[in-house]
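Welcome! Here is a short briefing on a protein model, with its fold, its pockets and an aromatic pair taken in turn.

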Amino acid sequence: MRAATGTGVVSSIVLQSEDLDEVDWEILGGNTTHIQSNYFGKGNTTSYDRAIWHPSSFQPQDDFHNYTTRWTKDELEWYIDGASVRVLKYAEANGGKNFPQTPMNVRIGVWAGGDEDNPKDTVEWAGGETDYGDGPYTMSVRSLRVKDYSEGKEYVYGDMTGSWDSIEIVPGNSTASKTLNAPPPLTASQRWNKLSPGAKIGVGSSVGITCIALIALAGFYCVRQRKAGKRERAAADLAFESERKELSAYQMQMSKGGFAVSSKPF
């Protein structure tokens with residue numbers, strides 16, 4: 001991953017569960033010398049003493065580097081470019097109560113911790129307010145690899161404790177890997193190139209016939225509309241001429257002191 005630049009801009013790699021267990025990598029766009037690791041258990045935010053800033057020999061915004069988390073039931077370990085930088089034992093996380101231990105998914109992305117609408121403490125932690133006028137701010141990810149140490153197709157919460165021993169593993173094979181590794185669908189041009197010459201001729205002929213039919217249909221529609229328009233115009237002309245004659249008769253009658261009689265029924 002190559003982190004984004006920008007004051008208040010945060011590049012994150014987050015493991016998080018539905019029970020709000022969480023394991024983080026976070027890199028600030030305005031901090032070129034340190035990288036933060038962090039964790040939460042059951043969404044416990046009564047204290048913020050779990051984060052550690054690791055000094056870096058490189059600027060994480062300049063090039064791609066590997067950020068790895070190894071998570072077992074006994075410990076959490078963070079690595080930068082293959083070198084271990086932190087180990088958290090189960091018992092060290094409030095006797096295990098705050099140790100992340102429920103099924104998590106991986107979330108990666110960039111966000112503005114320095115947004116002016118965020119709490120003051122968040123803006124300060126992110127390094128200050130973000131100037132959106134200096135954007136765009138881009139976090140780049142070259143690859144992502146996830147390995148599940150257990151076997152089964154999915155996990156089920158056995159109760160509401162959020163303890164690791166309450167998690168049930170459903171036997172079977174997950175189709176997630178097959179779906180993620182499936183080749184992308186062919187583009188229209190790729191499908192066309194795979195057709196045989198005879199099939200291409202057939203497709204071309206069908207398209208040509210369809211186009212001719214559409215042109216003929218459009219022409220028929222236009223002719224019909226023109227004929228209908230001529231009939232409507234002729235009817236309107238007759239109505240206008242009738243009203244003109246009636247108006248002339250009325251004016252003549254009035255000039256003689258008489259009363260006009262309409263030729264139309266009331």
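**Overview**

Of the 266 residues in the protein chain, 26% are buried. Please keep in mind that this is a predicted model. The protein chain holds four helices and 10 strands, and its accessible surface comes to about 18400 Å².

**Fold and surface**

- Along the sequence, the elements of the protein chain run β-β-β-β-β-β-β-β-α-β-β-α-α-α.
- Among contacts in the protein chain with a separation of 6 or more, 51% are between residues 24 or more positions apart.
- Carbon and sulfur atoms account for 56% of the accessible surface of the protein chain.

**The largest pocket**

- The largest pocket encloses about 2100 Å³ of space.
- It is lined by 48 residues, and those closest to its centre are Leu-15, Val-106, Val-146, Lys-147 and Asp-148.
- Six elements are worth highlighting on your screen: β1 (9–17), β5 (67–71), β8 (104–112), β9 (154–157), β10 (167–170) and α2 (176–181) each give two or more residues to the lining of the largest pocket.
- Which element gives the largest share of that lining? Strand β5 does, with five residues.
- Sorted by class, the lining of the largest pocket has 24 nonpolar, 15 polar and nine charged residues.

**The second largest pocket**

- About 440 Å³ of space belongs to the second largest pocket.
- Its lining has 17 residues, with Glu-26, Asn-38, Phe-40, Tyr-48 and Trp-125 the closest to the centre.
- At least two lining residues of the second largest pocket come from each of β2 (22–28), β3 (34–40) and α1 (120–126).
- By class, the lining of the second largest pocket is made up of six nonpolar, five polar and six charged residues.

**Aromatic pairs**

- How many aromatic pairs does a search of the whole structure find? There are three.
- One of them joins Trp-111 and Trp-125, whose rings are stacked, at 6.1 Å centre to centre and with 20° between the planes.
- This pair links distant parts of the chain, with Trp-111 in strand β8 and Trp-125 in helix α1, 14 residues apart.
- Are these two residues buried, exposed or partly exposed? Trp-111 has a relative accessible area of 35%, so it counts as partly exposed, and Trp-125, at 26%, is partly exposed too.
- Trp-125 therefore appears under two topics here: this partly exposed residue belongs to the stacked pair and is also one of the residues closest to the centre of the second largest pocket.

Notes:
Residues are numbered from 1 along each chain as its sequence is written. This is a predicted model: local features need pLDDT of at least 70, side-chain atom pairs count only at pLDDT 80 or more; totals for chains, interfaces and linings use all residues. Side-chain values use heavy atoms; hydrogens and water are left out. Buried means under 20% relative accessible area, exposed over 50%, partly exposed in between (1.4 Å probe, protein chains only). Contact means heavy atoms within 4.5 Å. Accessible areas come from the Shrake-Rupley method with a 1.4 Å probe; for residues, only the protein chains shown count as cover. On a 1 Å grid over the protein atoms alone, a cavity is a set of points where a 1.4 Å probe fits but cannot get out, and a pocket is an open set with protein on both sides within 12 Å along at least five of seven lines; lining residues have an atom within 4 Å of a point. Grid points are joined across faces, edges and corners, and a volume is the space filled by probe spheres set on the points. Ala, Val, Leu, Ile, Met, Phe, Trp, Tyr, Cys and Pro count as nonpolar, Asp, Glu, Lys and Arg as charged, and the others, Gly among them, as polar. Rings of Phe, Tyr and Trp (its six-membered ring) pair if their centres lie within 6.5 Å; planes under 30 degrees apart count as stacked, over 60 as edge-to-face and the rest as tilted.
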